[in-house]
Amino acid sequence: TRIRSLVGEGQSAREANRRQLVANLMASPPSRIRGGESELPTARLAEYVRRCLPPQDRILVLWYAPEIYFEADRLMAGRHLYFFVRFAGDEGEQRLELEKVMRYQPPVVLANSAESVAVEKAFPTLVSYVERNYTPGAAFEVDGARYSILTRRDLPSRSTDKTTGWPCYR
């Protein structure tokens, strides 16, 4: 089928390849692939968010992990996929980031201990806001990094996720 597609024997072969690729990616998202090892932490977090947060809820991920947003099918509660340190002195950017997070009030904030120093340097006002308004809801460790699910203090969970035991908002 691949060869027929490459030599131009009809659009249908190319379309069939595209459909099969999409089906494969949907069945096994790229972040689940880890060279024979267990799943990546981002896949575990994305699946949790997908199961436990309503589709309209946004999330905040405090490190560069855009695959979580994509695989969880959730929008960003903040403005940045990555928290560059160069924004530390930019009061306008600090304000805009915090305003967006406060507007959407995500039920959960996902944090990675390996990236926490960079986020604290880049967006200290955001980190301060999260520390005041969120509490540890669950955590796990992988390869020396601690992944935390922080939950809003003023929003009790509705149930517990049957798969992980973590707070659920559905």
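This tour moves from the whole chain to its sheet, a hairpin and two helices.

**The whole chain**

Begin with the full chain, bearing in mind that the model is predicted. Colour by secondary structure: seven helices and six strands are present. Followed from the N terminus, the elements appear in the order α-α-α-β-α-α-β-α-α-β-β-β-β. Of the 170 residues in the chain, 41% are buried. Among contacts with a separation of 6 or more, 55% join residues 24 or more positions apart. With the surface switched on, the chain exposes about 10000 Å², and 52% of this area comes from carbon and sulfur atoms.

**The four-stranded sheet**

Next, select strands S1, S2, S3 and S4. Together they form an open sheet with mixed pairing, in the order S1-S2-S4-S3. S1 (60-61) and S3 (134-142) are the edge strands; each has a single partner strand, so one side of each lacks a neighbour in the sheet.

Now add helix H7, residues 124-133, which packs on this sheet. H7 touches S1, S2 (108-112), S3 and S4, and its direction makes about 105° with that of S3.

**The S3-S4 hairpin**

Restrict the view to S3 and to S4, residues 145-152. Their pairing is antiparallel and extends over eight bridges. Two pairs of positions are useful to label here. Glu141 has Arg146 in S4 as its bridge partner, and Thr135 stands opposite Thr151 in S4.

Then centre on the turn of the hairpin, where two residues lie between the strands. Select Asp143, which takes a positive phi near 50°.

While the strands are displayed, show their side chains as well. In a regular strand, side chains alternate between the two faces of the sheet.

**Helix H3 and its surroundings**

Finally, select helix H3, residues 41-52. The helix has 12 residues and reaches 16 Å from its first C-alpha to its last, close to the 16 Å expected at 1.5 Å a residue.

Which residues of H3 are buried? Display Pro41, Thr42, Ala43, Leu45, Ala46, Tyr48, Val49 and Cys52: these are the buried residues of the helix. To see what covers them, bring back the neighbouring elements, which include helix H4 (66-72) and strands S2, S3, S4 and S6 (167-168). S2, S3 and S4 thus return to the view, having already appeared as members of the open sheet.

Key. Residues numbered from 1 in each chain as written. Predicted model: local features only at pLDDT ≥ 70, side-chain atom pairs only at ≥ 80, totals over all residues. Heavy atoms only, no water. Pairing = 2+ DSSP bridges. Contact = heavy atoms within 4.5 Å. Axes fitted to C-alpha atoms, helices over the stretch in contact; angles between N-to-C directions. Expected span 1.5 Å × (residues − 1). Buried < 20%, exposed > 50% of the residue type's maximum accessible area, 1.4 Å probe, protein only. Areas by Shrake-Rupley, 256 points an atom, 1.4 Å probe, with all protein chains shown as cover.
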